[in-house]
There are 2 protein chains.
Amino acid sequence: MRQLVVRNCSVLVVPQVGECRVDEAQDIHIQDGAIIRIAETEPAYTEVEVLDATGLLAVPGLTNSHTHSPMVMMRGAAEDVSIDDWFNRKIWPMEVNLTPERVKVGARLACAEMLLGGVTTFVDHYFHADQIAAAALESGIRADLAPTFFSSTGTEGREAAFEAAREIRALGQSSGRITASLGPHAPYTVSDEDLRRTAEVARTEGFRVHLHAAETDDQTHSSIDQHGVTPIEVLARTGVLEAGALIAHGCGIRDADLALLQPYRDRTAIACCPKVYLKLAMGSTTPIKALQENGIPIGIGTDGAAVHNTLDVWESLRLVALTQKQREQNAEWMTISDTLRLATRGGATAAGLANLTGALEPGRRADIALVDLKAPHHQPVHDPRANLVYSTRASDVVHVLVDGEVVVRDRTLTKVDLTGIIEDARSLAHTLVDLSANATIQTYAP
Amino acid sequence: MRQLVVRNCSVLVVPQVGECRVDEAQDIHIQDGAIIRIAETEPAYTEVEVLDATGLLAVPGLTNSHTHSPMVMMRGAAEDVSIDDWFNRKIWPMEVNLTPERVKVGARLACAEMLLGGVTTFVDHYFHADQIAAAALESGIRADLAPTFFSSTGTEGREAAFEAAREIRALGQSSGRITASLGPHAPYTVSDEDLRRTAEVARTEGFRVHLHAAETDDQTHSSIDQHGVTPIEVLARTGVLEAGALIAHGCGIRDADLALLQPYRDRTAIACCPKVYLKLAMGSTTPIKALQENGIPIGIGTDGAAVHNTLDVWESLRLVALTQKQREQNAEWMTISDTLRLATRGGATAAGLANLTGALEPGRRADIALVDLKAPHHQPVHDPRANLVYSTRASDVVHVLVDGEVVVRDRTLTKVDLTGIIEDARSLAHTLVDLSANATIQTYAP
């Protein structure tokens with residue numbers, strides 16, 4: 001029986017609905033990785049390990065609800081380009097260079113960046129996902145991993161991706177921290193037949209499906225022009241929604257799509273990554289208000305660092321608040337409490353971990369970020385909830401626990417050697433952005 | 001003769017036009033506060049003070065082109081409200097509580113936050129500006145300060161504000177770091193007669209005018225409805241543009257206004273603070289592309305922390321890049337180089353310091369931020385310029401020089417006691433947000 005008390009912190013309480021609150025001078029009691037009690041602080045403990053959190057604010061560990069973690073290796077290598085050029089001239093030609101080793105090195109760096117910034121779960125969609133699983137296991141982070149495939153790789157590619165998901169799930173069962181999803185890329189790169197087969201495997205074997213859909217209004221237009229249906233209709237008629245899906249972006253979701261999503265709101269969620277929509281000038285963002293009115297859960301993500309440049313979910317959640325206020329032309333909408341709920345409970349639901357993580361309450365896993373609000377950019381603190389949304393930097397995170405284990409202590413990773421990770425990333429970086437093969441893994445023509 | 005060498009850094013070179021570049025392994029030679037030479041690094045120096053900057057990137061110190069620094073005291077105290085409620089129910093009733101001491105404490109905290117984040121100049125607009133001057137002098141930061149007035153305070157209030165500007169200018173002449181501007185609040189709170197008088201004093205005595213104008217499309221509509229002219233036309237016909245103005249926001253600037261601004265492009269600039277426009281759901285942002293096509297300089301600012309929640313210009317410049325790409329629906333626009341130019345040269349011009357600061361080149365004052373790109377959120381570094389715009393946090397700033405003086409060393413302020421500053425801010429914080437007087441300094445009804 002492993003016991004730990006996170007002692008004398010403030011605690012961010014995120015209810016299912018309504019305003020968040022901060023309880024002061026609390027102890028979080030953890031047993032075998034789960035929170036068993038949160039109560040007023042005691043002066044001292046004997047025979048129990050204690051993490052002194054005096055002066056810190058405990059926040060449910062954040063979830064990065066959609067990313068391609070190994071793409072940190074291409075950070076800053078595809079700037080100031082259109083979405084077409086980003087795919088066709090930069091990223092997909094660069095991804096010809098992917099190898100298991102390079103993916104592993106990137107995933108290790110990504111896990112380090114996320115943990116140091118208080119991200120305790122990431123929901124990933126990429127190639128060589130077994131390597132990402134290994135990196136996640138090693139670092140102590142929680143992850144759901146979807147091995148990516150395109151229909152261009154044929155039945156063999158599709159079935160290999162399914163098999164990779166099965167293997168990751170088997171591997172993860174021992175740790176309890178790693179789960180797998182099926183990862184078709186998007187309706188514009190995966191055929192209806194392959195989506196049908198994905199839905200069937202998902203239903204039969206109990207996977208969820210993680211994919212991109214309706215990323216932009218243009219994609220929705222194009223889908224209607226070419227196929228007479230929206231991308232969400234494609235997911236409905238191929239059974240993907242029924243199987244349960246995490247849909248990345250959804251900026252092109254139309255009002256009529258809401259009725260298709262609504263019956264599956266217990267198993268389908270949308271991930272919003274607003275920095276990317278602004279940076280690629282995509283013209284719209286996820287219609288969170290309309291989705292929420294239909295009960296559809298929302299998570300917040302960074303997407304890959306080849307466009308987002310960081311895996312910083314504080315930055316993402318702040319941009320969700322700002323861009324949603326702008327979208328609805330209502331400064332009273334997407335409040336601080338609602339934003340924090342998306343980044344915590346919403347993220348847990350998006351990751352398929354709704355009752356396991358996303359809140360600091362007895363029975364949930366002890367995934368906790370301890371944040372320091374004492375620096376000048378936070379002072380004076382009139383409302384710590386406002387600080388979390390509008391002033392916090394990832395570097396304000398001091399300690400991080402996943403499954404009750406201290407994986408970051410005093411801003412330092414406890415389970416992996418950061419220096420070695422960075423050295424490996426530096427030494428391989430040039431190999432990832434090499435365009436000399438003059439080839440590509442896919443063409444963006446949605 | 002004071003001499004200092006900032007040794008063995010990379011240097012961000014920001015040309016007047018075209019792409020920025022990074023020169024590696026450079027020494028920046030400083031004499032009596034000015035950069036006298038930048039050249040390949042030497043192995044060692046004798047008889048000259050050296051700041052070892054190995055592994056760091058030297059960036060021109062950032063300019064916060066529009067702020068109300070003491071409003072850090074109200075950080076987080078006016079959240080999730082409309083622009084009307086922000087002014088009429090929160091901020092202007094709170095500002096009944098302003099006293100010289102409270103303003104001083106806020107300004108000291110603000111200077112600390114800005115310097116630690118690599119901001120070497122701020123352009124301020126607030127009450128009790130003499131207290132802000134004292135705080136700026138003490139901390140070592142550079143500042144231009146505009147004592148604010150409304151017409152509601154009568155001729156006496158106006159003339160007192162002008163006199164305050166004269167006194168600050170006199171005070172600043174000895175340090176060389178403090179300048180003053182005239183600070184009418186906005187065309188909707190200051191009469192045309194008072195704006196004319198402001199322009200006259202500015203022209204006669206060599207001041208510039210710093211004010212808010214055309215902050216939103218609504219303000220422009222309202223000005224046309226009530227007065228038959230746009231806010232920029234008001235500034236033109238009262239002589240404010242001719243005198244030389246720094247205009248905050250300008251989101252409501254119309255195409256026809258450009259021809260009014262264009263003849264004064266050698267003395268008039270616009271400050272863009274995009275986080276505020278999103279957070280208050282203002283509906284538009286500064287039309288930077290149109291302004292630049294007319295040669296009008298642009299700076300980047302945070303506005304006050306009572307709405308922006310930080311004084312972090314890295315955050316602001318990133319949001320300028322993102323929101324301008326969105327505004328123009330063009331991901332190839334507002335490039336990394338152009339964004340860095342706005343935050344450096346643009347800021348210097350906005351502050352009235354065009355030839356003095358804003359670039360690292362011989363003859364300019366040595367205002368320098370030394371940034372560390374070695375943390376995981378920056379790695380691997382394919383393009384350090386991209387890191388500066390899209391990955392850098394204020395906490396990546398290690399050392400800061402203003403006028404050749406090291407005012408931040410190893411992330412620590414050298415000239416002031418941060419602990420005392422924060423204690424003072426905490427002890428007074430409640431007095432600033434007290435609404436029990438049930439009064440206000442002004443009504444927002446533009």
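**Two chains, from the interface inwards**

In this model, 52 residues of chain B are in contact with 52 residues of chain A. Keep in mind as you look around that the whole thing is predicted.

Which elements of chain B give two or more residues to the side that touches chain A? They're helices H2 (100–116), H10 (274–279), H13 (313–328), H15 (384–390) and H16 (418–432) of chain B. H16(B) provides the largest share of that side, with five residues. If you sort the residues on the chain B side by chemical class, you get 24 nonpolar, 16 polar and 12 charged.

Let's stay with H2(B), since that helix also has a partner inside its own chain. The partner is helix H3 of chain B, residues 129–139, and the two axes come within 8 Å, crossing at roughly 35 degrees. As for handedness, H2(B) passes H3(B) in a right-handed crossing. On the H2(B) side the contact is made by B:Pro100, B:Val103, B:Lys104, B:Ala107, B:Arg108, B:Cys111, B:Ala112 and B:Leu115. H3(B) answers with B:Gln131, B:Ile132, B:Ala134, B:Ala135, B:Ala136 and B:Ser139. Taken together, the residues of this helix–helix contact divide into 10 nonpolar, two polar and two charged.

Still in chain B, take a look at B:Ser191. You'll find that residue in the loop between strand E10 (183–184) and helix H5 (192–205) of chain B. Is B:Ser191 buried, exposed or something in between? B:Ser191 counts as partly exposed because 15 other C-beta atoms lie within 10 Å, while being buried would take 20 or more and being exposed 12 or fewer. If you want a reference point for B:Ser191, try B:Ala271: the two are 80 residues apart in sequence, and their C-alpha atoms are 22 Å apart in space.

Now hop over to chain A and find strand E15, residues 368–372. E15(A) is mostly covered, with four of its five residues buried. What does E15(A) pair with? One partner is strand E5 of chain A (residues 56–60), which pairs with E15(A) in the antiparallel sense over five bridges. To get the register, note that A:Leu56 stands opposite A:Asp372 of E15(A). Another partner is strand E16 of chain A (residues 397–402), joined to E15(A) by four bridges and also running antiparallel to it. Here the pair to look for is A:Val371 opposite A:Val397 of E16(A). While you're tracing these strands, it helps to remember that in a regular strand the side chains alternate between the two faces of the sheet.

Key:
Residues numbered from 1 in each chain as written. Chains lettered and ligands numbered in written order. Predicted model: local features only at pLDDT ≥ 70, side-chain atom pairs only at ≥ 80, totals over all residues. Pairing = 2+ DSSP bridges. Contact = placed C-beta atoms within 7 Å. Nonpolar A, V, L, I, M, F, W, Y, C, P; charged D, E, K, R; others polar. Axes fitted to C-alpha atoms, helices over the stretch in contact; angles between N-to-C directions. Left-handed = near helix turned anticlockwise from the far one by under 90°.
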